[in-house]
Amino acid sequence: MTQQDFFTSCQFFGFGNEFSSEDPRCPGSLPEGQNNPQVCPYGLYAEQLSGSAFTCPRPANKRSWLYRILPSVKHKPFAPVPCGNLTENWNEVEPDPNQVYKGCLCFKFYTLQGLHTVCGAGDAKSRNGIGIHMYTCNTSMADRCFNNSDGDFLIVPQQGEILITTEFGKMMVEPNEICVIQQGMRFSVDVFGETRGYILEVYGAHFELPDLGPIGANGLANPRDFLCPVAWYEDRKVATGYTIINKYQGKLFACQQDFSPFNVVAWHGNYTPYKYNLENFMVINCVAFDHADPSIFTVLTAKSTRPGVAIADFVIFPPRWGVADHTFRPPYYHRNCMSEFMGLIKGHYEAKEEGFQPGGASLHSIMTPHGPDGECFEKNSTAELKPERVAEGTMAFMFESSFSMAVTKWGLQTCQRLDKNYYQCWESLRSHFNPNWKPSKQ
């Protein structure tokens, strides 16, 4: 069996389940009947990774046991490193409630300068908030890995596949797939050319599947379609030093060790990295009249302490059928008590068919009005309402949050990708008011 086989053909599946895995090269490496024996099989070290407080109720308790060649505590002290455009300073610029659109980013070598914070809110220290980043890279992380002590990363590739090596094994993630690297999990990224995408970072909560309510037991993202990696280890010394980069309280630190951190031979638990193919989403949609709220397209949610209110939702707008009668079918005009960050993986966004580029993004802040552009409104106000495929060949998404997000200085100025004329897409909207209108006779 080749290394390629380990991460392409033998992945476990399910969301939030209890898993176990052994590297096939070391059968029997998981201890039997206990987590922390006096001597582990193969002379391995037992190490627990906790994703929740020990005393959390059982359904919310997250932890995994890793059985590794050397424990992760064996490293030189952490020292600060430059943060580049990664930040948690939400007060760099004055607040701006206007609609914001950014074009796609150019590529940079994979240093931490390739990770750019666009907007966010809250605070990693108080364990309550989010950050939204965009990444660009064309070079792999040789002998380096990343560890986020602040929260979970939900990664949305837009261009180029990425091979993510974690302590749990490997995952190949392509555009139209997502992956989640949960808090504290070390990972390294290999790329195969120019690569670009989006990252949603959540502090203080983990992503989970949304409640289905009246939808019933099935629909949206099904648990069985989530994949987690098979154990894979490397027992490799690095004479020049292996660098662990740690994001802690919004800052970056680095330490050195002389061995690969991906030396886990076996593991078991319910706290793992995972990935999901967006094509597996079971769409729920309106089949009579009017327009259903976009919450029916929620893939994952990170709940707040307020019932029904999310720190962040990951929502997609996949290909589907539009069949609603006597209805304006595109997204309606509205003002929202949530912040809406839109991105486009491929194709075009149905409410703005021109100008919204794959790799671009928009932010509609809390209570700022938004909706279809003028051309979309005119076209769909007079269109024949026959069954039609919507968003064919397209995948747009939204990071929606109850936080009032601030845009960073990089997002507004430094990136030089801001479209200052974004507001003009609504300028062509005109009044169709007729005070003498009367309903047609049946």
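Two strands pair if DSSP finds at least two bridges between them. The strands themselves, of at least two residues (E), and the helices, of at least four (H or I), are DSSP runs numbered from the N terminus.

The structure on display is a predicted model, in which local features need pLDDT of at least 70 and side-chain atom pairs count only at pLDDT 80 or more, while totals for chains, interfaces and linings use all residues. Residues are numbered from 1 along each chain as its sequence is written, and side-chain values use heavy atoms, with hydrogens and water left out.

**Stop 1: a sheet of nine strands**

Select residues 128-137, strand S8, together with residues 195-203, strand S15. These two strands run antiparallel and are joined by nine bridges. One bridge to display is that of cysteine 137, whose partner in S15 is threonine 195.

Now widen the selection to the whole sheet. It is open and antiparallel, and its nine strands follow the order S1-S16-S20-S13-S10-S15-S8-S7-S28. Which strands stand at the edges? They are S1 (12-13) and S28 (406-407); each has a single partner strand, so one side of each is left without a neighbour in the sheet. As a general point, strands of a sheet pair through backbone hydrogen bonds, either parallel or antiparallel.

**Stop 2: strand S4 and its partners**

Select residues 63-68, which form strand S4. Five of its six residues are buried; buried means under 20% relative accessible area, exposed means over 50%, and partly exposed lies in between (1.4 Å probe, protein chains only). Add strand S3 (residues 45-50), which pairs with S4 in the antiparallel sense over six bridges. Here leucine 49 stands opposite serine 64 of S4. Then add strand S19 (residues 264-269), which is antiparallel to S4 and joined to it by five bridges. Tyrosine 67 has alanine 266 in S19 as its bridge partner.

**Stop 3: aromatic rings**

Show the side chains of Phe, Tyr and Trp. Their rings (for Trp, the six-membered ring) pair if their centres lie within 6.5 Å; planes under 30 degrees apart count as stacked, over 60 as edge-to-face and the rest as tilted. How many aromatic pairs does the structure hold? There are 19. One of them joins phenylalanine 226 and tyrosine 276, with centres 4.5 Å apart and planes at 20 degrees, so the pair is stacked. This pair links distant parts of the chain, since phenylalanine 226 is in strand S16 (residues 226-228) and tyrosine 276 is in strand S20, 50 residues apart. Phenylalanine 226 counts as buried at 0% relative accessibility, and tyrosine 276 counts as buried at 1%.

Next, select phenylalanine 314 and phenylalanine 399. Their pair is tilted, at 6.0 Å centre to centre and 45 degrees between the planes. Phenylalanine 314 belongs to strand S22 (residues 310-317) and phenylalanine 399 to strand S27 (residues 395-401), 85 residues apart. Both residues are buried. Ring pairs also link them with Tyr198, Phe341 and Phe397 into a cluster.

**Stop 4: helix H2**

Select residues 374-382, helix H2, in which Gly374, Cys376 and Asn380 are buried. Seen down the axis of H2, the buried residues fall within an arc of 160 degrees (taken from the directions from the helix axis to the C-beta atoms), so they line one face of the helix. On the other side of H2, Glu375 and Thr382 are exposed.

**Stop 5: histidine 291**

Select His291, which an unreviewed UniProt entry lists under "active site". UniProt positions are given in the numbering used here, feature names are shortened, and annotations may be inferred rather than shown by experiment. Histidine 291 is found in the loop between strand S20 (274-277) and strand S21 (298-303). Is this residue buried or exposed? Histidine 291 is partly exposed, with a relative accessible area of 28%. Not counting residues up to four places away in sequence, it touches Thr327, Phe328, Arg329, Pro330, Pro331 and Tyr332, where contact means heavy atoms within 4.5 Å. A polar atom of the histidine 291 side chain lies 3.2 Å from the backbone oxygen of arginine 329.

**Stop 6: serine 304**

Finally, select serine 304, in the loop between S21 and S22. Serine 304 counts as partly exposed at 22% relative accessibility. From a polar atom of its side chain, the backbone oxygen of valine 309 lies 2.6 Å away.

Technical notes
A polar contact is a pair of N or O atoms within 3.5 Å; within protein, one must be able to donate a hydrogen and the other to accept it, and residues adjacent in sequence count only if both atoms are side-chain atoms.
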